[in-house]
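Here are a few notes to read alongside the model, for someone opening it cold. Have the viewer ready and go point by point.

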Amino acid sequence: MYCIYIEWGKKVHSKSCCVLKHIDQLGDISGMYFYRNYTGFCWILVLVSNIVDSSTLLRKPVMKWLKGKWMDLGSKAGKHLKFKETYDRNTKIYTYEMTIVKVVDGDAGGYRCEVTAKDKCDSCTFDITVEGTLQYRKSVKSILIAPPSTCRGDAGEDAGDLDFSGLLKKRSDTSYSRKKEEPTEPEVDVWEILKNAKPCDYEKIAFQYGITDLRGMLKRLKMMRKVEPKKSDAFIRKLEPAYSVEKGKKIVMSVELTDDNAQVKWLKNGQEIKPSAKYLFESIGGIRKLIINRSTLSDDAAYECVVGEEKCFTEVFVQEPPVTITKLLDDIHVVVGERVEFEVEVSEEGANVIWMKDGVELSRDGKYRFKKDGKKHWLIINEASKEDIGTYCVCTNGGQSKAELEVEDKELEVLQSIADLTVKAAEQAVFKCEVSDEKVTGRWFKDGVEVIPGKRIKMTHIGRVHKLTIDDVKPEDAGDYTFVPDGYALSLSAKLNFLEIKIDYVPRQDPPKIHLDTTGSMVSKNTIIVVAGNKLRLDVEITGEPAPTVCWRKGPIELSSAEGRVRVESRKNLSSFVIEGAERGDEGLYCITVTNPAGEDKADLNIRVVDVPDAPENVRCTGVGEDTASMLWDPPKFDGGAPIKGYLMERKKKGSSRWTKLNFDIYESTVYEAKKMIEGVFYEMRVFAVNGIGVSQPSATSKPFMPIAPTSEPTRLVVDDVTDNTCALKWLPPDRVGAGGVDGYIIEYCLEGGSEWVQANEVPVEKNMYRVRGLQVGEKYLFRVSAVNIAGRSPPAEIKQGVTIREITERPKIRLPRQLRTKFIKKVGEKVNLVIPFQGKPRPVVNWFKDGTPLDSSLANVRNSEVDSILFIRQATREHSGEYTLSVHIENMEDKATIEIQIVEKPGPPVAVTVTDVWGFNAALEWKPPKDNGNCDITGYTVQKADMKAKEWFTVYEHNRRPSCTVSDLVMGNEYTFRIFSENICGLSDDAGASKNTAVIAKTGLHYKPQPFKERDMSSSPKFITPLVDRSVVAGYNTAISCAVRGYPRPKIIWMKNKMIIGADPKFLMQNNQGVLTLNIRKPSLFDGGQYICKAVNELGEDQVECRLEKSLFFIKSPVPQLLAPLTIPRK
């Protein structure tokens, strides 16, 4: 903010100068302003200039000059205020200047200039203060109080408006020689005398010191007198004129009051501010503070502090800082098909960013996806390709960040290659390989020729394993076999050797033997532990001659499948038990049995599958604090086969998708207290279980909970009323409420000296008052009140001195409102609602009377409370008029109040309206008041006249009070009638009283002899002047046929179709408009075609016309008949 002080200078060589001081400069220049400069010339002019850099703008910026909060100076341009704008094309800089010519006191104040361009905006503020210098005041003073000896009657050329030398004269009766002899009188300060004198003594002092220009003296006196600011009765220190703060920072506005107990109200743009987590009120002695946390652009407004009837004002300017990048982009290196996420973090939540690739802005389409959460922004590419290689940039209005994306072809890893096989005739050959990608397919080749599956040859693909199985191997199956994965420059080869052995020998018989390996993953003998999801391969060496038969069993179920997830693979002297992706159901006792003719052998194996535990259950919040919450959950039902080591916790705000870890070390208990949360914000929580295998899935999200603290104790608890068994309490809300608000209050009481507190109300009361009932007369009680919200009870506010319960008698007194002390008037149909307060203890007995008799309940409704009585009439009628008496009495004490109610309505019309006399151009009227005056006095009459020829009414008199009048300026030769409306406070009567006779203004000296009138015979037979025309219409569209006829008497019209009279058929509509006849046919069909006849008949004859109507696919427009001659019907 800039503050400019302008000091008035002396006149030097017919020119004026000024001193311009830059008092203070707050903050650095940022935004679009390139340079801010302020210069001033007073009292001739002040020049303020701003320089705007537009090198980054696409179009010309818009500049606004404002004074105060809203006043736009652009509409004030003229001789006093001038604006100038220049542009430098080389530097792309705009210069805006505002010039104030002949500065006056009214130009002082706060100014603001705003520059906007599309989505960018910047502003700066400055103050202008106009002050008079000491030298200028002395010069004016020296001119006004110059001694008489130095004053001359002729003023110099430079005297101007400030020269009083020809006006200030002192008269003396002594001679000039006598003056020289007398000693010089001491100089008198006339200005000080005038400034300290009363206005009534100005003329006397001017005459005494020879001042003849009283108007000029008063003008200079007003200008030179220092106007002291009016001292405020409520404020010792008011608000500053303006506050400036950056967005997100805290604003503190404070005032100091003369009364420490005074209540203040804070207003924002005229609307009262309520305390909340954002707006905090503080009261320390006489100092009142308004604190705005985390200011936003919506807080840029005008604020008021109101104390009673006094106010003080200020303005808050919120500056939005540029959005900067706090976490830069990182280079990413991926392979084809992988997911890419560029993450950046900015300084403001919800800020807009622009993503670019190689200088081109990216749009939201199927390939690119944008995501933001709070301050974090992501650019997501679901499946990267070679085309995505490049430089990616994210831009904000405060900076940018770049990163490189490199994408490489995906490499396929061979986990198990195929091996050479040597098999005998009729045996099975299995080529097997395992690659890293489950989705990869491939083809098998033999000696360069693709293998085609058949009955003996089978090809399988299960997960990452590819198999080629050849049953009943024959010599022609020998050769080189190759597996080629699709899409990769890779091949796996192996050779199949066919072995044909013919040896005659005597077989040796050895009993079978199972050789188990008890090392490695064995926990104990014959027990194997495998992690769920992993592969288990158990190779068991078997010996015996001849080769024994192997049988694997799990309980009673025999496992013999050579393919699938659980399978048995057999080789010479080796049996392999394989489980792909172990599951919990695979756990159990397995038995291997080997047999041959020489004997049998068995072995038991116990396979134990361990897994991550199940998710914890029933996560819930058991208690909250100001920034803490106590959480509790149940352990998982299944621990995964390994002991639970502990838990990991995460939380997030409700509605957000970003989870925050609460602990990095394993937490062993199932009770946890979460800390460092924001009061008033809803949170959700989830828990992970951890065992030796890993981390479980997250638990179900807990119900939302809000950290909140109890309020402070209620304030100013006082006793409002005491009766023989009740006590009424009043209090104010707590000073510190918090985000949870106040749900209600709990009132408790206790006998003085006792320790047992009794709760007076079961449900918390919302009002700040309560009457405790059921107390004992004569006992002393202590009372306390606690505020309740979701966090629990607040500390209690107590009345430490005992309150004695006794009856207090107060004389009944009716406090009749001022408007009911006179006659209360209402219109018929309006509602009457009278609220009459009274006082008295114990509760007085209330009675209503109308005209001295008890009030009928069917006539009006009455509701009585402890402090007032309400008389209500839904729709007033005239019978409700009368005197109503309210009586309140306590035992033998009574007070009464009388209310006169008058229900009025519009009056009736005057009666017996008569023209009593006619002379010249005047007519005298008399009438009698209406029979019904509407239950109130008639306030006047409205008189209207009408010419008997034109019958148009004109108002002659309004608010005429007498029942008679004289109507003048009537027109000669006309006959007039009159009507009169009566008027009361409800308005004019609905009907008027018409005069019984008329007033004829006769012509004098003229006699009119009318010629005899011979009536012409207009009778004629019907004749069609426009015939019907044949038409061809489209089926389904409305049509009409028309003709025109004339004749007198008016002929009767008959329409016929195919010589049949058309009756009241709703399909046809017949119209006759001044002789033009029209037959409308609604949506004609095939059956509506034919011959149509129109016949006109009267007593002198008849005539008819006809046409033909046909259905066609084309629409033919027929001419509309015109009335060639109007149908004339003579008067009889």
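**Notes on a first look**

1. Let's begin with T660. Keep in mind that this is a predicted model. T660 counts as partly exposed because its relative accessible area is 39%, which falls between the 20% limit for buried and the 50% limit for exposed.

2. Where does T660 sit? Its place is in strand β50, which covers residues 660-661. Setting aside the neighbours within four places in sequence, T660 touches M649, E650 and R651. Take M649 from that list: it is eleven residues from T660 along the chain, and the two C-alpha atoms are 8.6 Å apart.

3. Now to the cysteines. How many disulfides does a search of the whole structure find? The count is zero. C986 is a handy case to check: the nearest cysteine sulfur belongs to C936 and lies 5.4 Å away, whereas a disulfide needs the two sulfurs within 2.5 Å. So C986 is in no disulfide.

4. Are C986 and C113 buried or exposed? C986 has a relative accessible area of 13%, so it is buried. C113 is at 0% relative accessibility and therefore counts as buried too. The cut-off behind both calls is under 20%.

5. Next, have a look at one of the sheets. Four strands make an open sheet, running in the order β29-β31-β35-β34 with antiparallel pairing. Which strands stand at the edges? They are β29 (414-416) and β34 (457-462); each has a single partner strand, so one side of each is left with no neighbour in the sheet. From one strand to the next, the twist averages 20°. As background, strands of a sheet pair through backbone hydrogen bonds, either parallel or antiparallel.

6. Zoom in on the β29 end of that sheet. Strand β31 spans residues 429-435, and two bridges join β29 to it, with the two strands running antiparallel. If you want a pair to click on, V414 stands opposite V435 in β31.

7. Last, a pocket. The second largest one has a volume of about 1,600 Å³. Which residues come closest to its centre? Of the 45 that line this pocket, the closest are E427, Q428, S570, R571 and K572. Strand β31 turns up again here, among the elements that give two or more residues to the lining. Others on that list include β30 (421-424), β35 (465-470), β40 (536-545) and β43 (566-571). Since you've already found β31 in the sheet, try using that strand to get your bearings in the pocket.

Notes
Residues numbered from 1 in each chain as written. Predicted model: local features only at pLDDT ≥ 70, side-chain atom pairs only at ≥ 80, totals over all residues. Heavy atoms only, no water. Buried < 20%, exposed > 50% of the residue type's maximum accessible area, 1.4 Å probe, protein only. Contact = heavy atoms within 4.5 Å. Pairing = 2+ DSSP bridges. Axes fitted to C-alpha atoms, helices over the stretch in contact; angles between N-to-C directions. 1 Å grid on protein atoms, 1.4 Å probe; cavity = no way out; pocket = protein on both sides within 12 Å on 5 of 7 lines; lining within 4 Å. Points joined across faces, edges and corners; volume = space filled by probe spheres on them.
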